[in-house]
Amino acid sequence: MRYIEIFSIIYSVLKGSITNYFSSSKIYYIIDRSDWVIKDIGRELCEYLPIHKIKLSTVHYGIRNSIVHYGSITTFLHPNKIKTPHNSNKVIVSWFHVLDNDQRVKLLYRAIPLVDIWHTSSYLNKQKMIDIGIPEEKIIVIPLGVNTKNFLPINIGNKNLYREQLGIPEGSIVIGSFQKDGNGWGKGLEPKLIKGPDVFCEVIERLSKRYNIFVLLTGPSRGYVKNRLDKSKIQYRHDMLQDVNSLVDYYNAIDLYIVASREEGGPKALLESLACGVPLVSTKVGMAPDLIVHNENGYLEDVEDVEGLYRSACKIIDSKEISDKFSRNGLKTVKNYDWKNISEKYKKTLYS
């Protein structure tokens, strides 16, 4: 089996290299092999910047006299290896969140001269990049975007219909969590602590003592959260979705979304929640402080503040006035983050 995997990788690299060499594209967006967030960003850029002929690729080989945009730090840096595209190219690297004790930081002295622009999605992360030695003048902040043509709010009648189709008991307070928060791509029994699944579960367990809670989960590697919910006898449903656009049905079935992460680049769930009119409670991570004005379009709490997250969730659940206010104001906020607007920023500040 191991030999088959090695052969598959070699074949994929050779095929990608040859395709790149004969391509007429001038911008190459380098993605992971996994079908996850970075690939989604690349697809949106391809849709909204067709004139630029952006090509998605898992390798940088075969590219000459073009822009090579590594969609994530993992596509550019490994703990002991730097990707080095041909020196005729301009190089952009997106780094969405700098982790504490990241082993890749030790390679920056070699990596910085190779990169023309470092891109990140939040001002929190920009400061972290500066702190580890990346020159400020090389860093550009462009947030993540959301497809507001797909992610839309619905009326209460349709919300009840979605809940019925998903088997959610009538009268439940439905809380969403659609982020991968387990290590690896298996069952995810070991928590990915930067995503805060332990904090999320503590908040849910406290809420379940006061309300009839139902948790709606999507995404891979959710085993840790599911085990915690099982032990606490909290009802939930977990679905693996083949199409990211079908997520809108899940947002439109929930009352509240909680982001309990310790580190984030976005997450995209912030924008998707706002676009669907879903009230938000989030820790102060990633784009959250750039998006959320506390007590205006959501609640912001400190990282690992279980009590704060719990209290804020209770306020939303207990007050239709607060819930409606956050929904209205969130819809106003998210207009500026439609992919049509965000892709223009890519064109003008990264690809020009």
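Here's a quick tour of the nonpolar cores, the aromatic pairs and one surface patch in this structure. Keep in mind that the model is predicted. The largest nonpolar core has 52 residues, and a second, separate core has 28. Aromatic rings give eleven pairs, and a nonpolar patch of about 410 Å² sits on the surface.

**The main core**

- Inside the 52-residue core, the residues with the most contacts are I41, L45, L216, Y251, Y257, Y346 and Y351.
- Plenty of elements chip in: the helices α2 (37-48), α9 (247-251), α10 (268-275), α11 (288-291) and α14 (339-350) each supply at least two residues of this core, and so do the strands β1 (27-30), β10 (213-218) and β12 (256-259).
- The largest share comes from α10, which gives five residues.

**The second core**

- The other core is separate from the main one, and its 28 residues include Y211, L229, V281 and Y310.

**Around L45 and α14**

- Leaving out neighbours within four places in sequence, L45 is in contact with Y29, I54, W339, S343, Y346 and Y351.
- One of those partners, S343, is found in helix α14.
- S343 counts as buried because its relative accessible area is just 1%, and the cut-off for buried is under 20%.
- Looking out from S343, and again skipping residues up to four places away in sequence, you'll find that S343 touches L45, Y48 and L49.
- W339 and Y346, both on the L45 contact list, also pair with each other: their rings are tilted, 6.2 Å centre to centre with 45° between the planes.
- Both members of that pair are tucked away: W339 is buried at 3% relative accessibility, and Y346 is buried at 0%.

**Other aromatic rings**

- F76 and W118 make an edge-to-face pair, with 6.3 Å from centre to centre and 80° between the planes.
- F76 lies in helix α3 (residues 73-76) and W118 in strand β7 (residues 117-120), so this pair ties together parts that are 42 residues apart in sequence.
- Both F76 and W118 are buried.
- There's also an aromatic cluster, formed by F151, F178, Y250, Y251 and Y257.
- Two names in that cluster, Y251 and Y257, also appear among the residues with the most contacts in the main core.

**On the surface**

- I18, Y21 and F22 make up the nonpolar surface patch of about 410 Å².
- I18 is found in helix α1, which covers residues 2-22.

Methods. Residues are numbered from 1 along each chain as its sequence is written. This is a predicted model: local features need pLDDT of at least 70, side-chain atom pairs count only at pLDDT 80 or more; totals for chains, interfaces and linings use all residues. Side-chain values use heavy atoms; hydrogens and water are left out. Patches are made of residues with over 30% relative accessible area and no salt bridge: like charges are joined within 9 Å, nonpolar side chains (Val, Leu, Ile, Met, Phe, Trp, Tyr) within 5 Å. Accessible areas come from the Shrake-Rupley method with a 1.4 Å probe; for residues, only the protein chains shown count as cover. A salt bridge is a side-chain nitrogen of Lys or Arg within 4 Å of a carboxyl oxygen of Asp or Glu. Helices (H or I, at least four residues) and strands (E, at least two) are DSSP runs, numbered from the N terminus. A nonpolar core is a set of buried Ala, Val, Leu, Ile, Met, Phe, Trp, Tyr and Cys residues joined through side-chain atoms within 4.5 Å. Buried means under 20% relative accessible area, exposed over 50%, partly exposed in between (1.4 Å probe, protein chains only). Contact means heavy atoms within 4.5 Å. Rings of Phe, Tyr and Trp (its six-membered ring) pair if their centres lie within 6.5 Å; planes under 30 degrees apart count as stacked, over 60 as edge-to-face and the rest as tilted.
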